Amino acid sequence: MTEDKDERRPAGELEASVMAALWAADVPRTPGEVQLSLGDGLARTTVTTILSRLHDKGVLDRRRRGRGYAYFPVQDAHGLTARRMHTELDRDTDRHTVLARFVAQLSEEDERVLRDLLESDEA
């Protein structure tokens, strides 16, 4: 194995870094602007690939800017976490069991929050 392979980031870390940069920017950013904000020597092509994949997943949207695109998140961090939870739930055919086990593993505080949400109009 080469040294470059050993220094690769864990799966999802680059996507998380790109999302954090876009949330912090609060305005659409081009791949070059995202690359500069990350400041860790990533190639622009790598950043462009990550942005394109996140767009394909529906996590980002984009607008034309010049000959390229400027990207922006479609949800905040909390919305993205909720979306991931739904995705995981949708992967199993027995939703009842999945939800029952999820609730059974909640802390008392999380269970209280969930009960409050289900009983209110905020859910």
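**Figure 1. Glu 111 and Arg 115 pair within helix α7**. In this predicted model, Glu 111 counts as partly exposed, at 28% relative accessibility. The side chain of Glu 111 meets that of Arg 115 in a salt bridge (2.9 Å, N to O). Both residues lie in α7, four residues apart, about one turn of the helix. Arg 115 is partly exposed too, with a relative accessible area of 49%. The model holds seven salt bridges by the rule used. Elsewhere, Arg 29, Glu 33 and Arg 65 are joined into one network by salt bridges that share partners.

**Figure 2. Arg 112 and Glu 109 form another salt bridge of helix α7**. Their closest N and O atoms are 3.0 Å apart. The two residues are three places apart in α7, about one turn of the helix. Arg 112 has 44% relative accessibility and is partly exposed. Glu 109, at 43%, is also partly exposed.

**Figure 3. Glu 33 meets Arg 29 in a salt bridge**. The N to O distance is 3.9 Å; this pair counts because the cut-off is 4 Å. Glu 33 is partly exposed, with a relative accessible area of 27%. Arg 29 is partly exposed, also at 27%.

**Figure 4. Thr 30 sits in the loop between α2 and α3**. Its relative accessibility is 17%. Thr 30 therefore counts as buried, the limit being under 20%. Beyond residues up to four places away in sequence, Thr 30 touches Arg 65, Tyr 69 and Ala 70.

**Figure 5. The largest nonpolar core has 15 residues**. Val 18, Val 34, Leu 38, Leu 51, Leu 54 and Leu 60 touch the most other members. Helices α2 (13-25), α3 (31-38) and α4 (44-56) each supply at least two residues of this core. Leu 60 has contacts outside its neighbours within four places in sequence, among them Met 19, Leu 22, Leu 51 and Leu 54. Leu 60 is also in contact with His 55, Tyr 71, Phe 72, Pro 73 and Val 74.

**Figure 6. Five residues make a nonpolar surface patch**. Met 85, Phe 102, Val 103, Leu 114 and Leu 118 form this patch of about 460 Å². Helices α6 (95-104) and α7 (108-119) each give two or more residues to the patch. Val 103 lies in α6 and is partly exposed, at 34% relative accessibility.

**Figure 7. The protein has seven helices and two strands**. Along the sequence, the pattern is α-α-α-α-β-β-α-α-α. Of the 123 residues, 20% are buried. The accessible surface comes to about 9400 Å², of which 50% belongs to carbon and sulfur atoms.

Conventions: Residues are numbered from 1 along each chain as its sequence is written. This is a predicted model: local features need pLDDT of at least 70, side-chain atom pairs count only at pLDDT 80 or more; totals for chains, interfaces and linings use all residues. Side-chain values use heavy atoms; hydrogens and water are left out. A nonpolar core is a set of buried Ala, Val, Leu, Ile, Met, Phe, Trp, Tyr and Cys residues joined through side-chain atoms within 4.5 Å. Buried means under 20% relative accessible area, exposed over 50%, partly exposed in between (1.4 Å probe, protein chains only). Contact means heavy atoms within 4.5 Å. Patches are made of residues with over 30% relative accessible area and no salt bridge: like charges are joined within 9 Å, nonpolar side chains (Val, Leu, Ile, Met, Phe, Trp, Tyr) within 5 Å. Accessible areas come from the Shrake-Rupley method with a 1.4 Å probe; for residues, only the protein chains shown count as cover.
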